[in-house]
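Student: Could you take me through one part of this model closely, from its backbone layout to what packs against it? After that, I'd like to see how the rest is arranged.

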Amino acid sequence: MIRTILVGSNGRMGSAVAQRIAESEDLKLVAGIDRDNSVLQSYPVYTDIKSCNVNADVMIDFSHPSALMGVLDYAISRKLPLVIATTGMSSADIALIKESSLSIPIFFTFNMSLGVNLLIELAKKAAAVLGDSFNVEIIERHHNQKVDAPSGTAIMIADAVAEVLPYNASYTYDRHSVRKKRSREEIGIHSVRGGTIVGEHDVIFAGPDEVITLTHQSQSREVFATGALAAARFLVEKRAGLYSMKDII
């Protein structure tokens, strides 16, 4: 049984992960970390991560970037494998994650959905085949409570595509502020916020007389919870290092 600590356990995603763990046969939720411990759970919930003295095999973080330092310090001090599923990380946060992965195994991705990560690999393959004869545009749609834009997943898609293009791509975020023709080197990234959209991503390859569109739609937060559990199972026996969905797919 894989003993799991869940950071952000009483949030929307934390609740989905907790439910998935409860339904699994090989994971057990032994403690939660959340600033709100008013919800009665079958496991202890700590408002201060430093107070958690429960033995565990892995930690899953679905909280907030502001909690990153404390989460990393805790995991390193206990040599605890860490799955980071929190979104909205800055470049400084990512650098800190990479540095910490020298001490413990860390699984980090902007999106825990297996389907999204497969979409990224397909987009990368398409970009390599189509080269500079097709323009690349990315459209991402999320619910009206999401504060960061563009989404980390959209950036992850753009980065993967840019790796294989035969030119140094530049990212253009919408086009309302500039009146000029689109350059060949652009990757357009556009954000939509509204309603309760869980997450949708389109990668458009527009070429001479034809358009190829790769699409992924998340129907519920369960897909992210399922991916987080897969990451935890993968990570628990690994050596120190930085891992991602590329290592699972």
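**A close look at one sheet**

Tutor: Let's settle on the open sheet whose five strands come in the order E8-E9-E7-E10-E11, with mixed pairing. Before we go on, please keep in mind that this is a predicted model, in which local features need pLDDT of at least 70 and side-chain atom pairs count only at pLDDT 80 or more, while totals for chains, interfaces and linings use all residues. Residues are numbered from 1 along each chain as its sequence is written, and side-chain values use heavy atoms, with hydrogens and water left out. Helices (H or I, at least four residues) and strands (E, at least two) are DSSP runs numbered from the N terminus, and two strands pair if DSSP finds at least two bridges between them.

The edges of this sheet are strand E8 (170-173) and strand E11 (210-218), each pairing on one side only. On average, neighbouring strands here are turned by 20° against each other, direction ignored. Axes are lines fitted to C-alpha atoms, for helices over the stretch in contact, and angles run from 0 to 180 degrees between N-to-C directions. At one edge, four bridges link E8 to strand E9 (residues 186-193) in the parallel sense. One bridge sets Tyr173 against its partner in E9, Ile189.

Within the sheet, strand E7 (residues 135-142) holds His142. His142 has a relative accessible area of 7%, so it is buried; buried means under 20%, exposed over 50% and partly exposed in between, using a 1.4 Å probe and protein chains only. Not counting neighbours within four places in sequence, His142 is in contact (heavy atoms within 4.5 Å) with Ser151, Val192, Arg193, Gly194, Ile197, Val198, Gly199 and His201.

Now for the helices on this sheet. H4 lies across strand E10 (199-207) and E11, at about 165° to E11. H5 lies across E7, E8, E9 and E10, and its angle to E9 is about 165°.

These helices also pack against each other: H4 (residues 114-130) and H5 (residues 152-164) meet at an angle of about 30°, with their axes 8 Å apart. H4 and H5 are therefore roughly parallel to each other; angles under 35 degrees count as roughly parallel, over 145 as roughly antiparallel, 65 to 115 as roughly perpendicular and the rest as oblique. The crossing of H4 and H5 is right-handed, meaning that the near helix is turned clockwise from the far one by less than a right angle, whereas anticlockwise would make it left-handed. From H4, the contact draws on Val116, Asn117, Leu119, Ile120, Ala123, Lys124, Ala127 and Ala128, and from H5 on Thr153, Met156, Ile157, Ala160, Val161, Glu163 and Val164. By class, that contact of H4 with H5 has 11 nonpolar, two polar and two charged residues. Here Ala, Val, Leu, Ile, Met, Phe, Trp, Tyr, Cys and Pro count as nonpolar, Asp, Glu, Lys and Arg as charged, and the others, Gly among them, as polar.

With that part in hand, let's turn to the rest. There is an open sheet of seven strands in the order E3-E2-E1-E4-E5-E6-E12, with parallel pairing. Strand E3 (45-46) and strand E12 (241-243) each have a single partner strand, so one side of each has no neighbour in the sheet. E1 is largely enclosed by the rest of the structure, because five of its six residues are buried. E1 (residues 2-7) runs parallel to E4 (residues 58-61) over four bridges, and Thr4 has Val58 of E4 as its bridge partner. E1 is also joined to parallel strand E2 (residues 27-33) by six bridges, with Ile2 opposite Leu27.

Further along, E5 and E6 run parallel, joined by three bridges, and Leu82 stands opposite Ile106 in E6. In a regular strand, side chains alternate between the two faces of the sheet. In E6, Pro105 and Phe107 point one way, Ile106 and Phe108 the other way, and all are buried. Helix H2 (residues 68-77) lies across E1, E4, E5 (82-84) and E6 (105-108), running at about 160° to E5.
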